[in-house]
Amino acid sequence: MVKPISKIPFKDTKEQAEKLNAVIATCKDDKSLLMHVMQEAQEIYGYLPYEVQVKIAEGMDVPLEKVYGVSTFYAQFSLSPKGENNISVCLGTACYVKGSQKILDKITELLGITPGECTADGRFSLEACRCVGACGLAPVMTVNDEVYGKITEDDVAGILARYKD
């Protein structure tokens, strides 16, 4: 059984529900459009929470497991909301060798979330990625579009403080 993974309660507006229902209504007779419906749903909600996956499965008359399988197979889909500030820590070889795991561990400690999660206040989300293409700056983390290179775990609190206000 598929279970919600987000710590943030799902909030659905009437407008969002109407948009999703309209997309499903136009596509429900063609199961090959499942991925399209999921893409549209993610555009509407910003991610694919459990409740939205259920609506899609029921509306498209496909098993919930199929919707979940597609959403976890393709990297373009997210099962948890993105925070106002999205943090990504590179765990590629160059960054990993230079200590990026310690940076990730420090962020986890300070924010109380693990990769793939969002803080309860919606301020921060955390991802671990394989390469940001800045190996010469290893280890690297990004916050939104800002790149922080050649950092240590001791730099993390100061970087995060810039985004807390």
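The exercises below, each with a worked solution, concern a predicted model of a protein.

**Exercise 1. Overall layout**

State how many helices and strands the protein has, and in what pattern they follow one another along the sequence.

Solution. The count comes to seven helices and four strands. Reading along the sequence, one meets them in the pattern α-α-α-α-β-α-α-β-β-β-α. For the overall dimensions, a box taken along the principal axes and filled by the C-alpha atoms comes to roughly 55 × 30 × 30 Å. Of the 165 residues in the protein, 42% are buried, and among contacts between residues at least 6 apart in sequence, 63% join residues at least 24 apart.

**Exercise 2. The pair α3 and α4**

Determine how the axes of helix α3 and helix α4 cross, and which residues make the contact.

Solution. Two packed helices are described by the angle between their axes and the distance between the axes. For α3 (residues 50-60) and α4 (residues 64-73), the axes come within 8 Å and cross at roughly 125 degrees. Angles of 65 to 115 degrees count as roughly perpendicular and those over 145 as roughly antiparallel, and therefore α3 is oblique to α4. The handedness of this crossing of α3 and α4 is right-handed. On the α3 side the contact is made by Tyr50, Gln53, Val54, Ile56 and Ala57, and on the α4 side by Leu64, Val67, Tyr68 and Ser71. Sorted by class, the contact of α3 with α4 contains seven nonpolar, two polar and no charged residues.

**Exercise 3. The pair α2 and α3**

Describe the crossing of α2 and α3 in the same terms, and give the classes of the residues in the contact.

Solution. The axes of helix α2 (residues 34-45) and α3 come within 11 Å, and they cross at roughly 145 degrees. The crossing in which α2 passes α3 is right-handed. From α2 the contact draws on Leu34, Val37, Met38, Ala41 and Tyr45, while α3 supplies Val52, Lys55, Ile56 and Met60. These residues of the contact of α2 with α3 divide into eight nonpolar, no polar and one charged.

**Exercise 4. Cysteines and disulfides**

Establish how many disulfides the whole structure has, and examine the surroundings of cysteine 129 and cysteine 131.

Solution. A disulfide is a covalent bond between the sulfur atoms of two cysteines. A search of the whole structure finds zero disulfides. For cysteine 129, the nearest cysteine sulfur is that of cysteine 90, 4.8 Å away, whereas the cut-off for a disulfide is within 2.5 Å, so cysteine 129 is in no disulfide. For cysteine 131, the nearest cysteine sulfur belongs to cysteine 135 and is 4.2 Å away, and cysteine 131 is likewise in no disulfide. Cysteine 129 has a relative accessible area of 19%, and the cut-off for buried is under 20%, so cysteine 129 counts as buried.

**Exercise 5. Methionine 141 and serine 88**

Locate methionine 141 and serine 88, and decide whether each is buried or exposed.

Solution. Methionine 141 is found in strand β3 (residues 140-143), and serine 88 has its place in strand β1 (residues 85-90). Methionine 141 is buried, with a relative accessible area of 0%, and serine 88 is also buried, at 13%. Residues up to four places away in sequence being left out, methionine 141 touches several residues, among them Ile87, Ser88, Val89, Ile103 and Ile159. Serine 88, with its neighbours within four places set aside, is in contact with Glu127, Cys129, Val140, Met141 and Thr142. The C-alpha atoms of methionine 141 and isoleucine 87 are separated by 7.1 Å, although these residues are 54 residues apart along the chain.

**Exercise 6. Backbone angles in the loops**

Identify what is notable in the backbone at proline 139, asparagine 144 and lysine 150, and where each residue lies.

Solution. Most residues other than glycine have a negative phi, and most peptide bonds are trans. The peptide bond from alanine 138 to proline 139 is cis, with omega near -5 degrees, and proline 139 is found in the loop between β2 (124-129) and β3. Asparagine 144, in the loop between β3 and β4 (146-149), has a positive phi near 55 degrees and is partly exposed, with a relative accessible area of 35%. Lysine 150, in the loop between β4 and α7 (156-161), has a positive phi near 50 degrees and counts as exposed at 60% relative accessibility.

Methods: Residues are numbered from 1 along each chain as its sequence is written. This is a predicted model: local features need pLDDT of at least 70, side-chain atom pairs count only at pLDDT 80 or more; totals for chains, interfaces and linings use all residues. Side-chain values use heavy atoms; hydrogens and water are left out. Axes are lines fitted to C-alpha atoms, for helices over the stretch in contact, and angles run from 0 to 180 degrees between N-to-C directions. Helices (H or I, at least four residues) and strands (E, at least two) are DSSP runs, numbered from the N terminus. Angles under 35 degrees count as roughly parallel, over 145 as roughly antiparallel, 65 to 115 as roughly perpendicular and the rest as oblique. A crossing is left-handed if the near helix is turned anticlockwise from the far one by less than a right angle, and right-handed if clockwise. Contact means heavy atoms within 4.5 Å. Ala, Val, Leu, Ile, Met, Phe, Trp, Tyr, Cys and Pro count as nonpolar, Asp, Glu, Lys and Arg as charged, and the others, Gly among them, as polar. Buried means under 20% relative accessible area, exposed over 50%, partly exposed in between (1.4 Å probe, protein chains only).
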